[in-house]
Amino acid sequence: MDQLKEIAESLVEGQADRVRELTQAAIETHTDVEKILNEGLIAGMNVVGDQFKREEIYLPEVLFAARAMKAGMDLLEPLLLTAKTKPKGKIILGTVSGDVHDIGKNLVAVMLKGAGFEVTDLGVGVAAEQFIEAAKQQGARLIGMSALLGTTMQNMQTTIEALEAAGLKGQIKTMIGGAIVTQSFADKIGADGYAPDAGSAVDKARELSGLS
Ligand code: B12
């Protein structure tokens, strides 16, 4: 079977050890790292997302798949981080309050670091004040927020409103993403930018930092 397809299928089956083995083998045979990520790991996670939506699988299976994804990501991350460029600016990143989904946010962090950004990742369940405090402390001009739940995406707006109340909107820009987020939602809540995936998150961060 095609190597990348096998990674995707093993991820869907939640076999972390197998995903680690296959990812290592793909790296050793010089398969393009972004191809391993997109056509192996992310492709597998997309299948998991569809199956979960159709209720063909349940949370435990999703958790196993998430663990398998992490096993592969741990190997790819150092390779994605071989930054060829000098620092491009600072960004504060996190998943909003009430939300534990961090796979996509972690990918965005890896790609941003790879592109030369200095990333402070606050992790998951990050409150508005934490985003703003960190940005002030680090002198970052950009905050990136991730949300995957209908019930937590409003928390992105809370951060933007808090920035406005502190007189910092415009000075500190906001970029949002996550499977549930759309450009029209970003427009509605007054976010400065939206990106649908980790690759375009880098382009958007460059644009918002005045680097493109
Ligand atoms: C894995 C997963 C989980 C794992 C998370 C593990 C982890 N460490 O992240 C676990 C099992 C813990 C989980 C729990 C839950 N989940 Co869940 N989960 C998923 C699943 C299957 C995949 C998400 C994922 O990792 N995708 C892969 C990554 C790479 O994609 P991504 O996150 O979209 O990120 C990309 C882009 O969006 C973008 N991006 C992401 N963040 C950012 C940030 C910025 C700044 C930018 C610019 C871009 C960007 O770039 C990324 C890379 O390309 C989705 C299904 C789906 N289709 O999304 C459901 C899903 C998100 N979960 C869902 C639900 C309902 C839940 C639970 C409430 C279930 C429950 N009953 O308990 C809990 C909530 C827990 C909580 N409080 O957060 C629903 C949400 C529905 C909704 N509209 O609200 C979904 C959509 C499934 C479904 N169809 O029902 N889940």
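**Exercise 1.** In this predicted model, find which polar side-chain atom lies 2.8 Å from a nitrogen atom of the ligand, then identify the backbone atoms that lie close to ligand oxygen atoms.

*Solution.*
Step 1. The side-chain atom belongs to serine 146, and its partner is a ligand nitrogen at 2.8 Å. A polar contact requires a pair of N or O atoms within 3.5 Å, and the serine 146 pair at 2.8 Å meets that cut-off.
Step 2. For glycine 178, a backbone N or O atom is 3.4 Å from a ligand oxygen atom.
Step 3. For alanine 179, a polar backbone atom is 3.3 Å from an oxygen atom of the ligand.

**Exercise 2.** Determine which protein atom is a donor to the cobalt atom of the ligand, and where its residue is placed.

*Solution.*
Step 1. The cobalt has NE2 of His101 as its only protein donor, at 2.3 Å.
Step 2. Histidine 101 is in the loop between strand S1 (90-95) and H5.

**Exercise 3.** Describe the shell around the ligand by residue, class and element.

*Solution.*
Step 1. The ligand has 35 residues around it; those that come nearest are Val100, His101, Asp102, Ser146 and Gly150.
Step 2. Sorted by class, the shell holds 21 nonpolar, nine polar and five charged residues.
Step 3. H5 makes the greatest contribution to this shell, five residues.

**Exercise 4.** State which pocket the ligand takes up and characterise its lining.

*Solution.*
Step 1. The ligand takes up the space of the largest pocket. Elements giving two or more residues to the ligand shell include helix H3 (33-53), helix H4 (59-80), helix H5 (103-114) and strand S3 (142-146).
Step 2. The volume of the largest pocket is about 1,600 Å³.
Step 3. Its lining comprises 50 residues, with Met45, Ile103, Gly104, Leu148 and Ala179 nearest the centre.
Step 4. The lining divides into 29 nonpolar, eleven polar and ten charged residues.
Step 5. At least two lining residues come from each of H3, H4, H5, S3, S4 and H9. H3 gives the most to the lining, eleven residues, whereas H5 gives the most to the ligand shell.

Conventions. Residues numbered from 1 in each chain as written. Predicted model: local features only at pLDDT ≥ 70, side-chain atom pairs only at ≥ 80, totals over all residues. Heavy atoms only, no water. Near = heavy atom within 4 Å. Polar contact = N/O pair within 3.5 Å; in protein donor to acceptor, adjacent residues only side chain to side chain. 1 Å grid on protein atoms, 1.4 Å probe; cavity = no way out; pocket = protein on both sides within 12 Å on 5 of 7 lines; lining within 4 Å. Sits in = over half its atoms within 2 Å of the grid points. Helix = DSSP H or I, 4+ residues; strand = E, 2+ residues; numbered from the N terminus. Nonpolar A, V, L, I, M, F, W, Y, C, P; charged D, E, K, R; others polar. Donors = N, O, S within 2.8 Å, 3.2 Å for Na, K, Ca; no water. Points joined across faces, edges and corners; volume = space filled by probe spheres on them.
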